[in-house]
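Hi,

Here's the structure I promised to pass along. Have a look at it first, and my notes follow underneath.

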Amino acid sequence: MKRPTRKAVERRAIRVIQTPEHPLFMFALSAKELQEVAEVSRVSRDSEGRLLGYQRPKVKQHVRNITEYLNGEEVIFPNSIILALSSAVVFKKVRGPRVDDGWAEAGTLHIPLPKPGQPRPAWIVDGQQRALALAQCRRQDLLVPVNAFIADEVDLQRDQFLRVNSTKPLPRGLITELLPEVGTLLPPNLAVRRAPAALCDLLNRDPASPFKGLIRRNSMDAEARRSAIVTDSAVVAMIKDSLGNLTGCLFPYRNVVTQETDFDSIRKMLVLFWTAVKEVFPEAWGRQPSRSRLMHGAGIGAMGHLMDKVMSNIDINGANALRLVKAELLRVQPVCRWTEGHWEESGLAWNQIQNTSQHIRLLSNVLIRAYTSSRRTAA
């Protein structure tokens, strides 16, 4: 006789109320059940460029190491998986004495199993690598601890993902992509990075930006990555330095008290300056960093410091703004060695420049000295 198809996973659980809208649950699932109810939401973008998901790409060696351990004789697996549950999940409190101590409630969690083609009712917020290892291990009946909260909103899931992983080595690019999409109040170390991350995203998608499609993001497919040559961490660092420095050209456009940012003016300034860079150094623009140090982290950083000097003299809304910026950049053109030759003051060949604070500082000094010397001579 054929056994009836199971429609849900029912599990005894403890419910803790921190906020009524998003109760927390503690329970256990087998490795097999975890695969049935939960899925990983990896970072990607839809056809209109909107960010989807929030998880990092899987790390094969790490997953392999966990799988080998799980296939061993004696396994202790205390690390919990953190899930965001759909509101379709139902908790039924057990009624009776000694089941509610005023701090937590005992009950049964009803997690519906999806029909073919339907999304699963849970998303993995933390424990992606462990979940992948559990899916591959021999012991599919192994019980693992689970902590979960109810949240249909993807921005809340992203917020929790960033908080949970804030002390772990998340890829910088992944954080850069997620930060603009999180609308909740973030910890100070992440909040200060939100504006530069949002501006980096804007530069990569704005049709008027010379960086359009050139900034490498975690969400890009393989084809898009082939044409993306600039690391988003380099662009974010350049913007962050200017926003946070009193002498930065972007500093006046951010209220340090309220954290309000004039994104439109900053966008105009960044697009204006880097469009001029593209036109003054056409032979170095759009090439792989191995062939052009202008597109390298060191080049982006050094030109960002020059930007702070140049743009302080420019009216970004002026009719001749682009022509004026190009004229200012021509002052440093003779000393630049982006694709060949040696940087004369340092003695370093163009391709010896590395993305280190020392080399960024060295290039910045060369460019700024050449720029100020030229202006002094002209005066």
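Which residues form one aromatic cluster? They are Phe 211, Phe 273, Trp 274 and Trp 285. Bear in mind that this is a predicted model.

Two members of that cluster make a pair worth a look. The ring centres of Trp 274 and Trp 285 sit 6.3 Å apart with the planes at 40°, so this pair is tilted. Trp 274 belongs to helix H10 (residues 263-280), while Trp 285 is in the loop between H10 and helix H11 (297-310); the two are 11 residues apart. Trp 274 has 0% relative accessibility and counts as buried, and Trp 285, at 9%, counts as buried too.

In total there are seven aromatic pairs. Another of them is Phe 25 with Phe 91, also tilted, at 5.4 Å centre to centre and 45° between the planes. Phe 25 comes from strand S2 (residues 24-30) and Phe 91 from strand S7 (residues 90-93), so this pair ties together parts 66 residues apart in sequence. Both Phe 25 and Phe 91 are buried.

Now for the sheet. Eight strands make an open sheet with mixed pairing, in the order S3-S9-S6-S10-S2-S1-S8-S7. S3 (38-39) and S7 are the edge strands with a single partner each, so each has one side without a neighbour in the sheet. Further in, S6 (residues 81-85) runs parallel to S10 (residues 143-150) over five bridges, and Ile 82 is opposite Asn 147 in S10. Helix H3 (residues 128-136) packs on the sheet and touches S6, S9 (122-126) and S10, with its direction at about 125° to that of S9.

Cheers

Terms used: Residues are numbered from 1 along each chain as its sequence is written. This is a predicted model: local features need pLDDT of at least 70, side-chain atom pairs count only at pLDDT 80 or more; totals for chains, interfaces and linings use all residues. Side-chain values use heavy atoms; hydrogens and water are left out. Rings of Phe, Tyr and Trp (its six-membered ring) pair if their centres lie within 6.5 Å; planes under 30 degrees apart count as stacked, over 60 as edge-to-face and the rest as tilted. Helices (H or I, at least four residues) and strands (E, at least two) are DSSP runs, numbered from the N terminus. Buried means under 20% relative accessible area, exposed over 50%, partly exposed in between (1.4 Å probe, protein chains only). Two strands pair if DSSP finds at least two bridges between them. Contact means heavy atoms within 4.5 Å. Axes are lines fitted to C-alpha atoms, for helices over the stretch in contact, and angles run from 0 to 180 degrees between N-to-C directions.
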